[in-house]
Amino acid sequence: MKNFIFQNPTKLVFGKGQIAKLAQLIPADARLMITFGGGSVRKNGVYDQVKKALEGRVYTEFWGIEPNPTVETLSKAITQGKAEGVNFILAVGGGSVLDGTKLIAAGILYEGDAWDIVKRSTAERSIPYASVMTLPATGSEMNSGAVISRAETHEKYAFYTRYPEFSVLDPETTFSLPPEQIAAGLADVYVHVMEQYLTTTGQSRVMDRWAEGLLLTVLEIAPLIRKNQHDYDVMADFMLSATLALNDFIRMGVTQDWATHMIGHELTALHGITHGASLAIVLPGTMSVLREQKHGKLLQYASRVFGLNTGGEDERIEEAIKRTEEFFRSLGLATRLSEAGIGEETIEEIVERFNARGARLGEAGNVTGDVVREILKSRK
């Protein structure tokens, strides 16, 4: 196990009715902004719960943070926040709303273009922010990362800032989510775990078993969610799995990959594909192209997650990759570029972008533009 320093300061407030505690959680003297997406929280009752919890408080609202939030939209919120002296932000919605809020919180204290913060990848200063999470997927509610797009140039990058002060997670808020959002969220959670797990063997028994437990949980609950999306305990497992998949708990002292995510970001930037859906296309290709490098961990994955313990090693690995793709397809997601209407031109555009950055991705730093081409061509 490698050396590491771990700290996660976010308070997790989990369960039924916890939105009512907002007044206790947000400082009484906060000059508050509440950020929202397109309006689903008005339909599912979350907006009314937030308003009731903050009755008597003065706050400003910003609506319209889109999926794959753009710096163009967020810059408007930053201007509003500066004008109104905002010093605390509450994000209400899914991971995109929270990701966007992270940039707003940093941008309020920054004098230049907010895109500078994203390109620099780190925010030096930020006002405090928190969240009411309604869509399990990104884990943004308990980590310091965010991914922001720039519509003008079709770019999408991650940056890092302070952690949320707290995050409220009530599984009942997930009951009305559209099935396609749940499917993409499940894929996102699964691939988050795989990016931290599917590297090399023998680094940490603790991290491996924790990651495998999350993978098995997602595989188990996915069909249960399809049967009954109003099962509180199942949706609680979904929501908590999303948080634990990317709150730094399963990456302590181990190498990580993230090549699949970086490729997926480009598919989203160029074609607007939902983030989780892009990962379902790319991950089987990453597993297949890098199977020799990941040979030992793929065998462990095949055995511990899918119970594949007989037959030749290559046969077991091939079957594990096949079952991973079948899982994504069982969610109703595309697993091939052609199914998303993406052809050779996009592949070469992505390769050109990676080459221009001198990218060397993956746990071994060997996923160059040429390897990215091979991964994407395997998904045609």
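**Salt bridges in a predicted model**

Modeller: In this predicted model, Asp-208 pairs with Lys-297 in a salt bridge whose closest N and O atoms are 3.1 Å apart.

Biologist: Where do Asp-208 and Lys-297 lie?

Modeller: Asp-208 belongs to helix α8, residues 205-227, and Lys-297 to helix α12, residues 295-306, so the salt bridge ties together parts that are 89 residues apart in sequence.

Biologist: And is Asp-208 buried or exposed? Same thing for Lys-297, buried or exposed?

Modeller: Asp-208 counts as buried, with a relative accessibility of 8%, and Lys-297 is buried too, at 2%.

Biologist: Which residue does Glu-212 meet in a salt bridge?

Modeller: The side chain of Glu-212 meets that of Arg-304, with an N to O distance of 3.2 Å; Glu-212 sits in helix α8 and Arg-304 in helix α12, 92 residues apart, and the pair therefore links distant parts of the chain.

Biologist: How accessible are they, then: is Glu-212 buried or exposed, and what is the relative accessible area of Arg-304?

Modeller: Glu-212 is buried at 2% relative accessibility, whereas Arg-304 is partly exposed, its relative accessible area being 33%.

Biologist: Moving on to the loops, what does Asp-257 pair with?

Modeller: Asp-257 forms a salt bridge with Lys-294, at 2.8 Å from N to O; Asp-257 is in the loop between α9 and α10, while Lys-294 is in the loop between α11 and α12, 37 residues away in the chain. Both of these residues are buried.

Biologist: Which residues are joined into one network?

Modeller: Glu-266, Glu-349, Arg-353 and Arg-357 are joined into one network by salt bridges that share partners.

Biologist: How many salt bridges is that by the count?

Modeller: The count for the model comes to 20 salt bridges.

Definitions and conventions:
Residues numbered from 1 in each chain as written. Predicted model: local features only at pLDDT ≥ 70, side-chain atom pairs only at ≥ 80, totals over all residues. Heavy atoms only, no water. Salt bridge = Lys/Arg side-chain N within 4 Å of Asp/Glu carboxyl O. Helix = DSSP H or I, 4+ residues; strand = E, 2+ residues; numbered from the N terminus. Buried < 20%, exposed > 50% of the residue type's maximum accessible area, 1.4 Å probe, protein only.
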